[in-house]
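Look over the sequence and the model shown here. The paragraphs after it go from single elements to the chain as a whole.

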Amino acid sequence: MILLWQIDTEVAPSWLSLMQTAADCALLTEGVKRECAVSIRLCDDDAIHEINREYRDVDRATDVLSFPTVNYPAGVTAGQADKYLRRELDDELNACMLGDLILSVPHVLAQAEEYGHSPERECAYLLVHGLCHLMGYDHIEEDDKRRMRAMEEKILAAIGQTRDGEGAVTDETLLALAREAMKRSYSPYSNYPVGAALLCADGRIFQGCNIENASFGLTNCAERTAMFKAISEGATEFTAIAIASRQSAPWPCGACRQVLNEFAPGIRVLVTWDGGQDEMSLNELLPHGFGPKDVQ
Ligand code: THU
């Protein structure tokens with residue numbers, strides 16, 4: 001999902017990457033097949049108060065506000081509403097605009113403290129709640145409320161952010177996110193699209209795709225795209241990487257094995273392609289690897 005940020009108040013990059021993961025999983029879990037976009041504003045209490053008063057006639061600050069663009073028929077949500085989503089296609093973004101979300105940063109911090117979890121988790125929770133509204137869910141009637149809560153829980157469980165914190169990102173989620181990332185591959189020269197989804201110990205997931213270049217040797221593989229994104233966002237520990245392609249099992253190339261070995265020597269490597277699925281550890285894929293310990 002394309003997240004269009006307006007950030008008024010300073011926040012840690014880890015908030016944004018967990019929200020990206022949550023948003024991608026929301027579409028996946030709801031079964032939305034086309035690319036969507038949402039504009040998200042992170043602001044202070046004065047700003048959200050003002051918006052709440054102006055657009056909803058509610059004279060107080062709150063944690064999250066959602067303004068959907070899509071007009072869903074009663075009882076229909078985004079997963080079964082492709083016809084309605086298509087109407088909101090933004091030509092420039094090549095994605096359907098689902099609407100706007102506004103999150104109060106002071107509320108995120110206060111609620112995280114109150115519930116005893118991280119601000120990242122609180123952000124993810126509020127984002128998922130808001131996104132469910134943008135996907136056609138509401139909680140006015142008891143039945144609708146139950147349906148909305150069930151979807152929220154399903155999305156949060158898929159990214160390992162359950163209420164009791166005991167969930168883990170499932171292999172299915174990671175593999176599905178790698179397949180999603182593959183759709184964004186830039187591979188006009190090889191026609192061999194690859195996608196990757198790298199799971200960090202803190203629950204964040206970084207996606208990557210292969211990015212080719214007219215000067216062929218400059219191509220960056222999907223795995224390294226994901227790993228470089230993760231390192232540059234401050235991630236330090238990794239538990240698994242899923243890699244997706246179409247034609248053949250996309251075991252990482254030698255260069256990617258070496259880069260993975262630098263940061264995650266024991267990482268689980270899951271591959272998926274049209275013909276099947278497999279798993280190995282990096283130790284098996286790169287026996288006797290050369291790593292940081294050898295140059296100390
Ligand atoms: N590729 C990857 O993205 N990951 C690998 O580990 C193997 C190869 C990409 C690079 C190039 O864009 C295309 O696949 C064909 O080599």
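A strand here is a DSSP run of E with at least two residues, and strands are numbered from the N terminus. This is a predicted model, and one such run in it is strand β8, which covers residues 238-244 and contains A242.

Is A242 buried or exposed? The cut-off for buried is a relative accessible area under 20%. A242 has a relative accessibility of 0%, so it counts as buried. Which residues does A242 touch, once its neighbours within four places in sequence are set aside? The contacts are L174, L175, A178, G195, A196, A197 and L270. E279 can be placed relative to A242 as well: 37 residues separate the two in sequence, and their C-alpha atoms lie 9.0 Å apart in space.

Strand β8 also has a part in the surroundings of helix α9. This helix runs over residues 254-263, and its buried residues are C256, R257, V259, L260 and N261. The cover over these buried residues includes β8, together with α8 (222-232) and α10 (282-285).

Earlier in the sequence is helix α5, made up of the 16 residues 119-134. From its first C-alpha to its last, α5 reaches 22 Å, which is close to the 22 Å expected at 1.5 Å a residue. How many residues of α5 are buried? The count is 14 of the 16, so the helix is largely enclosed by the rest of the structure. Just after α5 comes G136, with a positive phi of about 105°.

These elements belong to a protein chain with ten helices and ten strands. The chain has 296 residues, for which a compact globule would have a radius of gyration near 19 Å; the value for this chain is 20 Å, so the two agree. Taken along the principal axes, the box filled by the C-alpha atoms is roughly 65 × 45 × 35 Å.

Burial can be given for the chain too: 48% of the 296 residues count as buried. The accessible surface is about 14500 Å², and carbon and sulfur atoms account for 49% of that surface. Among contacts between residues at least 6 apart in sequence, 65% join residues at least 24 apart.

Charge is the last topic. The protein chain has 26 positive and 46 negative charges, and the mean positions of the two sets are 6 Å apart.

Note on methods
Residues numbered from 1 in each chain as written. Predicted model: local features only at pLDDT ≥ 70, side-chain atom pairs only at ≥ 80, totals over all residues. Heavy atoms only, no water. Helix = DSSP H or I, 4+ residues; strand = E, 2+ residues; numbered from the N terminus. Rg over C-alpha atoms; globule rule 2.2 N^0.38 Å. Buried < 20%, exposed > 50% of the residue type's maximum accessible area, 1.4 Å probe, protein only. Contact = heavy atoms within 4.5 Å. Areas by Shrake-Rupley, 256 points an atom, 1.4 Å probe, with all protein chains shown as cover. Lys, Arg positive; Asp, Glu negative; His and termini not counted. Charge placed at Lys NZ, Arg CZ, Asp CG, Glu CD. Expected span 1.5 Å × (residues − 1).
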